[in-house]
Amino acid sequence: MGVEKVSSAAPAVLAVSQLCKSYGALKAVNNLSFSVQAGQCFGLLGPNGAGKTTTLEMLEGIIKPDSGSIFYHAEVAGRRHFQQLGVQFQQTALQDFLTVEETLRMFAAFYPEPADIQELIKLCDLTDFLTQDHKKLSGGQRQRLLLALALVNQPQILFLDEPTTGLDPHARRNFWMLIKQIKQQGRTIILTTHYMDEAEQLCDDLIIVDKGQIIAQGSPQALLRQHFEGALLQLPDPGFIPSLPDGHHASLQGGQLCIQTPDVQQSIQALLQQQVQLQGLLVKSATLDDLFLKLTGHALSGVTMEAE
Ligand SMILES: Nc1ncnc2c1ncn2[C@@H]1O[C@H](COP(=O)(O)OP(=O)(O)OP(=O)(O)O)[C@@H](O)[C@H]1O
């Protein structure tokens, strides 16, 4: 890792430069550079295998980069910084035969200045199952316990690795509210997800990663403004790409005809003139999902869900 120091009037909480990690011939993380400001929720978005967890593990000091630099508060990342982070892993093995409260107290005992356990219980809505074996929690309840454990050392920077994967929509929304509350406490949150709607809801700034590389960077709103004007039309593939007025962009993606249009009425008139069937037509604002599709030509893969 590099030894230079970043000098800046208001240093980023975290600055990453040209980070790389390979497994054999596979470049899992390929030259990532980004920075995170204090109090932000920063997102790493991408499909399965994009390199999100590998990146996070380097930022958390769990694995070593092959090359590149990581700075916390303009200092080269080291043990002292890593110890101060809060981390919610995708999977955490917890001690068997302990209740929720016992688990919390055990984790708190590892730290010299742990958070107030009662406050954590309240914040993460754990009151109703404190005496329950943690193995018997639902998916949403378990994620809230893991979040409380990640906060037990009172971290200023919190890492969440795909915290809502596998949760049903209700449990995901509950978790989003919790993350917003934690952000309001002034903490910096670094989040990986392959749910683009989650990123739109939570992230102030983000990178979209595919095959280890950054393919887009910015706030969700700025990215959408930059890449999409007007509205998006989607309809079943008519078997050809109709000719459309200037300013329209049409493409076939995953069995759908997608038209980016500055004027919906004009587009529909043009489609009707060319005998395109409008059954199944969808008019919508662009989302980060659409952006990912536009940039990579492939959609994000689906995942299974677990109830609250
Ligand atoms: N220890 C390892 N040894 C070999 N290959 C690895 C190892 N860890 C990760 N990889 C590979 O590196 C690539 C990136 O993996 P990573 O887990 O970082 O992706 P991800 O974006 O977090 O995916 P997911 O959303 O599925 O968690 C994948 O192709 C993965 O198979």
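Which element gives the largest share of the shell around the ligand? Read on for that, and for a look at one helix; keep in mind that this is a predicted model.

## Around the ligand

The answer is H1, which supplies three residues of the shell. Helix H1 covers residues 52-59, and along with strand E2 (26-36) it belongs to the elements that give two or more residues to the shell around the ligand.

Who's in that shell? Tyr 23, Leu 26 and Ala 28 are there, together with Gly 46, Asn 48, Gly 49, Ala 50, Gly 51, Lys 52, Thr 53, Thr 54 and His 194. Sorted by character, the shell has seven polar residues, four nonpolar ones and one charged one.

## Meet helix H6

Now over to H6, which runs through residues 169-184 and has 16 residues. From first C-alpha to last, H6 reaches 23 Å, close to the 22 Å expected at 1.5 Å a residue. After the helix comes Gly 186, with a positive phi near 95°.

## Two sides of H6

Which residues of H6 are buried? They are Ala 171, Arg 172, Phe 175, Ile 179 and Ile 182. Looking down the axis of H6, you'd find these buried residues within an arc of 95°, so they line one face of the helix. A bit of background helps here: an α-helix has 3.6 residues a turn, so residues three or four places apart point the same way.

Flip to the other side of H6 and you get the exposed residues: Pro 169, His 170, Met 177, Gln 181 and Gln 184.

As for what covers the buried residues of H6, the list includes helices H5 (139-150) and H7 (196-202), plus strands E7 (157-161) and E8 (188-193).

Note on methods. Residues are numbered from 1 along each chain as its sequence is written. This is a predicted model: local features need pLDDT of at least 70, side-chain atom pairs count only at pLDDT 80 or more; totals for chains, interfaces and linings use all residues. Helices (H or I, at least four residues) and strands (E, at least two) are DSSP runs, numbered from the N terminus. The expected span of a helix is 1.5 Å times one less than its number of residues. A residue is buried if 20 or more other C-beta atoms lie within 10 Å of its own, exposed if 12 or fewer, and partly exposed in between; C-beta atoms are placed from the backbone. The arc is that of the directions from the helix axis to the C-beta atoms. Two residues are in contact if their C-beta atoms, placed from the backbone, lie within 7 Å. A residue is near a molecule or strand if its C-beta atom, placed from the backbone, lies within 6 Å of it. Ala, Val, Leu, Ile, Met, Phe, Trp, Tyr, Cys and Pro count as nonpolar, Asp, Glu, Lys and Arg as charged, and the others, Gly among them, as polar.
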